[in-house]
Amino acid sequence: MNTKSQSAWKRWLPWLVPLPRRMFDKPLTGKQMLVYYLWRMFAFYALLLILLMLVQRWLIYQPTRVTSLSVDQANAPFGVIHEISTKTEDGLDLKGWHFLAGQVACNDRAGCDAELAKAQPVVILFHGNGGNRLHRIETCRLLASLNLHVFAFDYRGYAENPGSPSQAGLLNDARAFWKYAVRDRKVNPDRIILMGESLGGGVATLLASELCQQNTPPAGLMLRSTFSSMVDAASFHYPWIPVSWLLWDQYPSQSVISDVVCPLLVIHGTKDQIVPYVLGKKLFDAASPASATGIPKQMISIEQGSHNGLIYEARGKLTQAYAQFTRQLFP
């Protein structure tokens, strides 16, 4: 190294090395102190990003785990709710409940099949990131009161189901729910409505996009309090983090909803603090103006509506919206 390069190195060394000698020596100059604290701020930020990256699925998915979940815990009349189960392509047994349309009572699977054979619509419910199907009782009862069958499964890692949740895993689960309805229970695709709440809206949109591309679209897609993408939702809560670089499960609903050719209903509360209203509107705007059958897309805005309390705050408006939408699909 020549003399000129040595002098340049000595000149820049105090800026590059935060401490003059050993690690815990006190900085001697203002420049060294500036570099000292900048390095430590950067190191803290980098460690925080690494920590968030490692625990992100723990932050996203908040399942309520139980050893077993019986229909008796739903406090419903006997025979109105029946236990159902399906198996995913990767071998997981997932459990759920069948809420009978009109809240009629059946004694067994044969009776339930007879009710399904009456050709009333079936809703496959994709719930949000927290709790389990027991926490969706009111939504399922509301839908059943509109003469809709409801298949309310839990994802992997939720309730008593095995496995750990992820975007790929939940999409596999969604495919299994669909196959259960179509293959096991012999329900025609044009009688099935996909309904997604919050995170479940991302799952339902991905499934609907796949089905439409396969020319087996569902009868309709209902989305409540959901987002344009998980990146957008996470960026709202963590604006100081490069979410798009770190997020494993991005649920890119906005980029795939243009593939959805079935009728679309979006419902969102204007005071939603978890998934802001603007993200629901962003997703709605990205969708095609009308379905392949000519039914215009619809968005219902619930004034002052929150995220988790919407079923209680605006039950009447939700009932009316679901009823009008299903009447359009099944005149």
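A residue is called buried here when its relative accessible area is under 20%. By that criterion, strand 7 (residues 192–197) of this predicted model is mostly covered, with 6 of its 6 residues buried. Ile-192, Leu-194 and Gly-196 point one way from strand 7, while Ile-193, Met-195 and Glu-197 point the other way, and all are buried. Strand 7 is therefore a handy place to start a tour of the fold, since each of its two sets of side chains counts as buried, that is, under 20% relative accessible area.

On one side, strand 7 runs parallel to strand 4 (residues 122–126), and 5 bridges join the two. Within this pairing, Leu-125 stands opposite Met-195. Strand 7 is also joined to strand 8 (residues 220–224) by 5 bridges, again in a parallel arrangement. Here Glu-197 has Arg-224 of strand 8 as its bridge partner. To get from strand 7 to strand 8, the chain passes through helix 6, and this β-α-β crossover is right-handed.

These strands belong to an open sheet of 8 strands with mixed pairing, in the order 2-3-6-4-7-8-9-10. Strand 2 and strand 10 form the edges, each pairing on one side only. Averaged over the sheet and ignoring direction, neighbouring strands are turned by 20° against each other. Towards the strand 10 edge, strand 9 (residues 264–269) pairs with strand 10 in the parallel sense over 5 bridges, and Ile-267 has Ile-300 of strand 10 as its bridge partner. Two helices that pack on the sheet deserve a mention. Helix 3 (residues 109–116) touches strand 2, strand 3 (93–99), strand 4 and strand 6 (149–153), and its direction makes about 125° with that of strand 6. Helix 5 (residues 167–184) touches strand 2, strand 3, strand 4, strand 6 and strand 7, with its direction at about 120° to that of strand 2.

At the other edge, the pairing is antiparallel: strand 2 and strand 3 are joined by 7 bridges. Lys-87 has Asp-93 of strand 3 as its bridge partner. The hairpin formed by these two strands has 5 residues between them, and Gly-91 takes a positive phi near 85° there. Strand 3 also pairs with strand 6 in the antiparallel sense, over 4 bridges, and Phe-99 is matched with its bridge partner Val-150 in strand 6. Because 5 of its 7 residues are buried, strand 3 is largely enclosed by the rest of the structure. In strand 2 (residues 81–87), Thr-86 has a relative accessibility of 9% and so counts as buried. Leaving aside residues up to four places away in sequence, Thr-86 touches Leu-92, Asp-93, Leu-94, Phe-153, Ala-176, Phe-177 and Tyr-180.

The interior comes next. In soluble globular proteins, nonpolar side chains tend to be buried together. The largest nonpolar core in the model has 57 residues, of which Phe-126, Leu-194, Leu-221 and Tyr-251 touch the most other members. Helix 6 (residues 199–213) gives the most to this core, with 8 residues. Not counting residues up to four places away in sequence, Leu-221 touches Leu-194, Ala-204, Thr-205, Ala-208, Val-260, Cys-262, Pro-263, Leu-264, Leu-265 and Phe-325. Another core, of 34 residues, lies apart from the largest one and includes Ile-137, Leu-148, Tyr-322 and Leu-329. In helix 4 (residues 137–145), the buried residues include Ile-137, Thr-139, Cys-140, Leu-142, Leu-143 and Ala-144. Asn-147 follows helix 4 and has a positive phi, near 65°.

Finally, one polar residue merits a closer look. His-307 lies in the loop between strand 10 (298–302) and helix 11 (310–313). With a relative accessible area of 8%, His-307 is buried, because the cut-off for that label is under 20%. Its side chain makes two polar contacts with other side chains: one to that of Ser-198, at 3.0 Å, and one to that of Asp-272, at 2.7 Å. Beyond its neighbours up to four places away in sequence, His-307 touches Ser-198, Arg-224, Ser-225, Asp-272, Ile-274 and Val-275. Arg-224 in this group is also the strand 8 bridge partner of Glu-197, which brings the description back to strand 7, where Glu-197 is one of the buried residues.

Terms used:
Residues are numbered from 1 along each chain as its sequence is written. This is a predicted model: local features need pLDDT of at least 70, side-chain atom pairs count only at pLDDT 80 or more; totals for chains, interfaces and linings use all residues. Side-chain values use heavy atoms; hydrogens and water are left out. Buried means under 20% relative accessible area, exposed over 50%, partly exposed in between (1.4 Å probe, protein chains only). A polar contact is a pair of N or O atoms within 3.5 Å; within protein, one must be able to donate a hydrogen and the other to accept it, and residues adjacent in sequence count only if both atoms are side-chain atoms. Contact means heavy atoms within 4.5 Å. A nonpolar core is a set of buried Ala, Val, Leu, Ile, Met, Phe, Trp, Tyr and Cys residues joined through side-chain atoms within 4.5 Å. Two strands pair if DSSP finds at least two bridges between them. A crossover is right-handed if, with the strands pointing away from the viewer, the path from the first strand over the helix to the second runs clockwise. Axes are lines fitted to C-alpha atoms, for helices over the stretch in contact, and angles run from 0 to 180 degrees between N-to-C directions.
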